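Thank you all for coming; I would like to walk you slowly through a structure that may be new to you. Please have the sequence and the model open while I speak.

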Amino acid sequence: MGTALDAFMERASIRETVRRAIKEVSKRPLKEILAYAIKGEIDSTNLYRHLYRNLPEGYPRETFRRFISMEKTHERKVRSIFSSLFPAEEPPDVPFKSWAEVLAEGDFRLRSVGDYLKALEIAMDAEQLSEGVYTMLAEMMEDPMQRHIMEGLARDEREHYEFLKKEYDFYSKIEARKALDELVREIKGR
């Protein structure tokens, strides 16, 4: 029988970039995986802060504000576990590109539904990646309480992903309808 991480990879319909990132992270020592999880929580906090601050009325801003709080709590929990396993050490820099860097590379000013969809794609990838990392960490934890915390974090990330996916599906339909309306106008205009 495979590991919980293998089951996650099979169950989740995750994009190849996320799948590769999880495999790369899984090859690192525990200290670096925890550091990566901390970095991921900081990135997610910043992404949700960006969405909260930049989305107009009518979008789920309050949900993103709640996610900001949850991601900060996740970071504290992972830092606490890191400190208990590696006393008097700071999390090392990890050699992986962060989602914040991906976001910064693009122009994510959220001027359209399409911009929101791109931001949601990044957030969905980040949540799936976090779920996979926490599932892996749960398997690595010898302490039952630490394992339980990691399993809870993985569930939280799954819930975030499910919300983001519903948002993505809803706004994708709006974007598709808009494109269809434009096509019909073009055809009628000929």
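I will begin with the chain as a whole, then go through three helix pairs, and end with a few single residues.

Before anything else, please keep in mind that this is a predicted model, in which local features need pLDDT of at least 70 and side-chain atom pairs count only at pLDDT 80 or more, while totals for chains, interfaces and linings use all residues. Residues are numbered from 1 along each chain as its sequence is written, and side-chain values use heavy atoms, with hydrogens and water left out.

Let us start with the overall picture. The chain has 7 helices and 0 strands, where helices (H or I, at least four residues) and strands (E, at least two) are DSSP runs numbered from the N terminus, and along the sequence the pattern reads α-α-α-α-α-α-α. Of the 190 residues in the chain, 45% are buried; here buried means under 20% relative accessible area, exposed means over 50%, and partly exposed lies in between, with a 1.4 Å probe and protein chains only. The accessible surface of the chain is about 10600 Å², and 52% of that surface belongs to carbon and sulfur atoms, with areas taken from the Shrake-Rupley method and a 1.4 Å probe, where for residues only the protein chains shown count as cover. If we take the contacts in the chain with a separation of 6 or more, residues 24 or more positions apart account for 76% of them, a contact being heavy atoms within 4.5 Å.

Now to the helix pairs. Two packed helices are described by the angle between their axes and the distance between the axes. The axes are lines fitted to C-alpha atoms, for helices over the stretch in contact, and the angles run from 0 to 180 degrees between N-to-C directions.

How do α3 and α6 cross? Their axes come within 10 Å and cross at roughly 155°, which makes α3 roughly antiparallel to α6, since angles under 35 degrees count as roughly parallel, over 145 as roughly antiparallel, 65 to 115 as roughly perpendicular and the rest as oblique. The crossing is left-handed, meaning that the near helix is turned anticlockwise from the far one by less than a right angle, whereas clockwise would be right-handed. Among the residues making this contact are Leu30, Ala37, Glu41 and Leu51 of α3, together with Tyr116, Glu127, Tyr134 and Met140 of α6. By class, the residues of this contact divide into 19 nonpolar, 1 polar and 2 charged, where Ala, Val, Leu, Ile, Met, Phe, Trp, Tyr, Cys and Pro count as nonpolar, Asp, Glu, Lys and Arg as charged, and the others, Gly among them, as polar.

Helix α2 (residues 16–26) also packs with α6, at an angle of about 30° and with the axes 10 Å apart, and α2 and α6 are therefore roughly parallel to each other. Their crossing is right-handed, and the contact includes Thr17, Ala21 and Val25 from α2 and Asp125, Gly132 and Met136 from α6. This contact has 7 nonpolar, 4 polar and 1 charged residues.

The third pair is helix α4 (residues 61–85) with helix α6 (residues 113–140), whose axes come within 14 Å and cross at roughly 30°, so that α4 and α6 are roughly parallel to each other. Here the crossing is left-handed, and Phe64, Glu71, His74 and Val78 in α4 meet Tyr116, Leu120, Glu127 and Tyr134 in α6. By class, that contact has 5 nonpolar, 1 polar and 2 charged residues.

This brings us to single residues. Is His74, in helix α4, buried or exposed? His74 counts as buried because its relative accessibility is 1%, and, not counting residues up to four places away in sequence, His74 touches Glu41, Tyr134, Leu153, Asp156, Glu157 and His160.

Gly40, found in helix α3, also counts as buried, at 16% relative accessibility, and its C-alpha lies 9.1 Å from that of Glu127, although 87 residues separate Gly40 and Glu127 in sequence.

Lys31 is in helix α3 (residues 30–54) as well, but is partly exposed, with a relative accessible area of 25%. Leaving aside neighbours within four places in sequence, Lys31 is in contact with Phe82, Phe86, Glu89 and Pro92.

Finally, Ala88 counts as exposed, at 90% relative accessibility, and has a phi near 65°, a positive value in a residue other than glycine.
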